Every structure is written in C-alpha cells, then in structure tokens.
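Please walk me through this protein model, beginning with a single residue and working outwards to the chain as a whole. I would like the reasoning behind each description to be spelled out where there is any.

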Amino acid sequence: MNAPRPLTLPEEFVLLAHQPSGTVQSVLRADAGCAAAELGDLALRGKLRIRTNKFEFLGIRVYRGTNAVELLDVSPTGLGWADALLDELARLSATRPVPVREWRQARGVEAFDRHRAALVERGLPHHEPSDIPAQDRYLPHNPTRDALIAEIETAIGSHAPIGAHMLFRFDLANAIAQLRITKRGRWVMNRDRGIGPVADIPEDLRETSRVLTMVLPERSA
C-alpha cells in the first residue's frame with residue numbers, strides 16, 4: 001500500500017483554520033492565509049521568496065513599503081495547483097513586481113476553496129452540507145489537526161532547532177489565533193535575529209514567512 005501523501009502547507013493551514021465544530025472563525029483571514037500558505041509552500045520548495053523593505057528597531061525587524069514576490073525557479077513541482085500558480089506568477093511578474101498584499105486579495109477565496117475540496121476528497125475534513133451553502137460545516141479530522149498544533153507547540157516550547165516548514169506552520173497558525181504559546185515575543189525576537197531554534201533557517205525564508213502573515217486582514221475582519 002502506498003503511504004499517504006504528506007499534507008502541503010496550504011492543506012495544513014485549512015485544517016488549522018477550522019474549529020473542531022466545523023466552522024471558520026474568520027473567513028476573510030482564512031482566505032487570505034491560505035493564499036499566503038501557497039506562497040509559503042512554494043518558498044519552501046525554493047521556487048520564490050519575498051523581496052522586502054525593512055529596518056531594525058530595538059532588535060526587532062520592521063517591514064515597510066511594498067513586499068513583492070520574487071520568482072527563483074519556475075520548473076514544475078508535480079503538483080497541479082503549484083505549477084499553475086508558478087505560471088500565473090511568471091506571467092504577472094513579466095511586466096511588474098507582484099505585491100504580496102495584492103496577490104492574496106486576488107487569490108484568497110480560490111485558494112481556500114481549492115485546498116479544502118482536495119482535503120474533503122481525502123476525508124480531511126468531513127463535509128456536512130446545509131440547505132444554505134454558506135452554512136455548510138467542514139468537520140476537521142481532529143487527530144490530524146491536533147497533531148499539527150501539538151507539533152508546533154512542542155517545537156516552539158523547546159530549545160531544539162526547528163526546520164523552515166515548522167516555522168511557516170507556526171507563523172500561519174499563530175496568525176489565525178490557533179495557538180496559546182506563552183513568551184512568544186522573545187521567540188519572535190530571536191527569530192528575527194536568526195538565533196536560537198531558527199539559527200539554521202536561511203534569512204530569506206525567515207523573512208518570507210514573517211511577511212506573508214503580516215499582510216493578512218486584521219483579526220476583527
């Protein structure tokens with residue numbers, strides 16, 4: 001029997017965005033976060049990075065201005081959604097840089113719906129339709145969802161080195177308020193400095209992960 005295909009970063013995000021009850025706390029943030037997770041997945045594959053404009057204040061890295069997508073490699077990944085995304089980004093960036101905020105606004109709903117539908121086919125989550133489609137519930141596979149959260153909390157709570165994928169998952173989960181980790185501020189400061197558990201993660205990946213979650217709508221949205 002073939003081993004189950006590992007979850008991509010946007011698939012992980014979709015599971016984390018759903019409450020155990022099957023609802024999504026903030027649809028707008030979830031849509032935008034999934035678009036960011038797609039870019040993050042491509043960054044982890046070495047396909048792109050985010051070109052940033054930044055300065056440091058009291059040891060904290062501050063980003064300002066327009067943060068844009070910079071393509072590094074457009075060769076196929078073997079994933080349909082990822083290859084289509086690379087083609088579209090290549091087409092758009094041929095004439096001008098693609099701002100991250102602008103991209104997530106255009107891509108959000110399509111991204112979330114696409115990856116949730118792919119998960120439903122795998123039974124993660126279970127779809128409970130309603131007479132009103134907007135009230136459909138998608139019950140996440142809680143053992144899988146809980147395991148994703150537990151892995152983040154264990155990684156961030158220890159002093160052991162973490163990988164880039166875990167960093168991206170932490171930032172995205174933190175952005176949708178699914179984590180309850182204390183002393184988060186010091187950890188983020190160490191992340192910006194490139195020390196501690198994230199010392200082995202390249203700076204461009206650390207910056208890309210940070211910027212992708214900074215362009216999400218406010219939590220009240």
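Thr 208 lies in helix 8 of what is a predicted model, and with a relative accessibility of 0% this threonine counts as buried, since the limit for that class is under 20%. Once residues up to four places away in sequence are set aside, Thr 208 touches Ala 43, Arg 49, Ile 50 and Phe 168.

The helix around Thr 208 covers residues 203–214, and its length can be checked by simple arithmetic: at 1.5 Å a residue, the 12 residues of helix 8 should span 16 Å, and the end C-alpha atoms are 17 Å apart, which agrees. Helix 8 is largely enclosed by the rest of the structure, because nine of its 12 residues are buried. Besides Thr 208, the buried residues of this helix are Leu 205, Arg 206, Glu 207, Ser 209, Arg 210, Val 211, Leu 212 and Thr 213, a list in which charged residues such as Arg 206, Glu 207 and Arg 210 appear alongside Leu 205, Val 211 and Leu 212.

One of the elements that meets helix 8 is helix 6, which runs over residues 164–175 and packs against helix 8 at an angle of about 15 degrees, with the two axes 9 Å apart. Because angles under 35 degrees count as roughly parallel, helix 6 is roughly parallel to helix 8, and the crossing of the two is right-handed. On the side of helix 6 the contact involves Ala 164, Leu 167, Phe 168, Asp 171, Leu 172 and Ala 175, while helix 8 contributes Leu 205, Arg 206, Thr 208, Ser 209, Arg 210, Leu 212 and Thr 213. Phe 168, already named as a residue that Thr 208 touches, is thus among the helix 6 residues in this contact.

A second helix pair gives another arrangement. Helix 1 (residues 9–17) and helix 2 (residues 27–44) pack at an angle of about 150 degrees, their axes being 7 Å apart, and they are therefore roughly antiparallel to each other, as angles over 145 degrees are classed in that way. The contact is made by Leu 9, Pro 10, Phe 13, Val 14 and Ala 17 from helix 1, and by a set of helix 2 residues that includes Ala 30, Gly 33, Cys 34, Ala 37, Gly 40 and Leu 44. Helix 1 passes helix 2 in a right-handed crossing.

Beyond helix 2, in the loop that leads to strand 1 (48–51), is Lys 47. Is this lysine buried or exposed? Lys 47 has a relative accessible area of 6% and is therefore buried. Leaving aside neighbours within four places in sequence, its contacts are Leu 42, Glu 70, Leu 71, Leu 72, Asp 73, Ser 75, Pro 76, Thr 77 and Leu 86. Of these, Ser 75 is 28 residues away along the chain, yet the C-alpha atoms of Lys 47 and Ser 75 are separated by 8.1 Å.

Another loop, between helix 4 (100–121) and strand 6 (126–128), holds Pro 125, and the peptide bond that joins Leu 124 to Pro 125 is cis, with omega near 5 degrees.

Taken as a whole, the protein chain has eight helices and seven strands, and 48% of its 221 residues count as buried. Among contacts between residues at least 6 apart in sequence, 66% join residues that are at least 24 apart. The chain exposes about 11,200 Å², of which carbon and sulfur atoms supply 53%.

Methods: Residues numbered from 1 in each chain as written. Predicted model: local features only at pLDDT ≥ 70, side-chain atom pairs only at ≥ 80, totals over all residues. Heavy atoms only, no water. Helix = DSSP H or I, 4+ residues; strand = E, 2+ residues; numbered from the N terminus. Expected span 1.5 Å × (residues − 1). Buried < 20%, exposed > 50% of the residue type's maximum accessible area, 1.4 Å probe, protein only. Contact = heavy atoms within 4.5 Å. Areas by Shrake-Rupley, 256 points an atom, 1.4 Å probe, with all protein chains shown as cover. Axes fitted to C-alpha atoms, helices over the stretch in contact; angles between N-to-C directions. Parallel < 35°, antiparallel > 145°, perpendicular 65-115°, else oblique. Left-handed = near helix turned anticlockwise from the far one by under 90°.
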